[in-house]
Amino acid sequence: MVQTKKQKYLFLAFCLVPTFILFAVFTLYPLISGLYYSFFSWSGSAANREFVGVGNYVRLFNDGIIPRTIMHDYFLVVTKVFGIMILSMYFAVAIMQMKLKEAPFYRIIFFFPNIMSVVVIGILWTFIYNPSLGLVNSALEAIGLENWTRPWLGSETWALPSLVLPSVWAGIGLFMLMLMGGIGTISKSYYEAAELDGASEWQQFWKVTVPLLWPQIKVSILYIVITTLNGSFIIVQIMTGGGPNNSTHVMGSYLYQQAFQQYNFGYGATIGVMILVISLLTVFILQKLLRREKVDY
């Protein structure tokens, strides 16, 4: 059916305007509001707000806890990227290359944590780490390693590393399926040609699988980084509350504490601006570092 220019523009407006309105309400408005409130001293509930200019930002740079929260966030970023990508890649390649009949079953098992709420995962692993009844200490005692038992979430040394395991466990399934989808699109002729040239399975993995799978790997890494910098506070809040002695506070959990527990809403908004800036810079740098030429064989 032939359409006039006016009809085309009306159709585009009909499709785009509702989307833009939702984007403005749920993204632009909170973003601008957060930036606005960062210039005020406000409890979050009082009628009056005191304008302090850049006072909250001066406080941010002088806050000794902030550098620790940033370090904790990047510790989780690095450990999650390596843990999730190595394990998801291993399981994806193993299931696809071995052509297991039970592959659908393994997909369900590995993806199951992704359909669970982060709150449920946090509570589950809190019980697993319980020093008296938890599975970890019980297993160590059962194999004669009583000296290795400890209050995992109550130790300043071990509390933050203890958060890595549940975070990795919860993320493997999604990225394994993503990588499996990418592996499924790689033609078997590439592997046959590499085998004829004398390439070992390890060489085939590095020279064929990884280069052709790089778009999925790049997207996975960026997704893990973004969700960790912006969402790791949930599991921290559930499992440790930022303790003991601020040893597990990440930027998001410290924001929550300042804004909703100590009622420093303006300062919490300032921390939110910092999270946004750090996330954007991190993604920008990663985009540059992970850039590769498209591979065609």
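**Exercise 1. The contact of H2 with H13**

Which residues in H2 meet which residues in H13? Classify the contact and describe the geometry of the pair.

*Solution.*
Step 1. On the H2 side, list Asn56, Tyr57, Arg59 and Leu60. They meet Gly266, Tyr267, Thr270, Ile271, Val273 and Met274 in H13. This is a predicted model.
Step 2. Sort the residues of this contact by class. They divide into 6 nonpolar, 3 polar and 1 charged.
Step 3. Turn to the axes. Those of H2 (residues 55-62) and H13 (residues 265-289) come within 9 Å. They cross at roughly 70 degrees.
Step 4. Name the arrangement. Angles from 65 to 115 degrees count as roughly perpendicular, so H2 is roughly perpendicular to H13.
Step 5. Add the hand. H2 and H13 make a right-handed crossing.

**Exercise 2. Ile271 and the nonpolar core**

What does Ile271 touch, not counting residues up to four places away in sequence? Place Ile271 in the largest nonpolar core.

*Solution.*
Step 1. Read off the partners of Ile271 beyond that sequence window: Leu60, Ile66, Met251, Tyr254, Leu255 and Gln258. Leu60 belongs to the H2 side of the contact in Exercise 1.
Step 2. Go to the core. The largest nonpolar core has 58 residues. Ile217 and Ile271 have the most contacts inside it.
Step 3. Ask which helices build this core. At least two residues come from each of H3 (65-98), H4 (103-111), H5, H8 (164-184), H10 (201-231), H11 (233-239), H12 (251-261) and H13.
Step 4. Find the top contributor. H3 gives the most to this core, with 11 residues.

**Exercise 3. Packing of H4 on H8**

At what angle do H4 and H8 pack? Decide how the pair should be described.

*Solution.*
Step 1. The angle is about 140 degrees, and the axes are 7 Å apart.
Step 2. Apply the cut-off. Roughly antiparallel needs an angle over 145 degrees, so H4 is oblique to H8.
Step 3. List the residues. Tyr106, Arg107, Phe110 and Phe111 in H4 meet Ile172, Gly173, Leu174, Met176, Leu177 and Met180 in H8.
Step 4. Classify them. The contact of H4 with H8 has 8 nonpolar, 1 polar and 1 charged residues.

**Exercise 4. The setting of Leu124**

Where is Leu124 placed? Describe its exposure and its partners.

*Solution.*
Step 1. Leu124 lies in H5 (residues 118-128).
Step 2. Its relative accessible area is 35%. Buried needs under 20% and exposed over 50%, so Leu124 is partly exposed.
Step 3. Set aside neighbours within four places in sequence: Leu124 is in contact with Met116 and Trp169.
Step 4. Check Met239, 115 residues apart from Leu124 along the chain. Their C-alpha atoms are separated by 9.3 Å.

Terms used: Residues numbered from 1 in each chain as written. Predicted model: local features only at pLDDT ≥ 70, side-chain atom pairs only at ≥ 80, totals over all residues. Heavy atoms only, no water. Helix = DSSP H or I, 4+ residues; strand = E, 2+ residues; numbered from the N terminus. Buried < 20%, exposed > 50% of the residue type's maximum accessible area, 1.4 Å probe, protein only. Contact = heavy atoms within 4.5 Å. Axes fitted to C-alpha atoms, helices over the stretch in contact; angles between N-to-C directions. Parallel < 35°, antiparallel > 145°, perpendicular 65-115°, else oblique. Left-handed = near helix turned anticlockwise from the far one by under 90°. Nonpolar A, V, L, I, M, F, W, Y, C, P; charged D, E, K, R; others polar. Core = buried A, V, L, I, M, F, W, Y, C linked by side-chain atoms within 4.5 Å.
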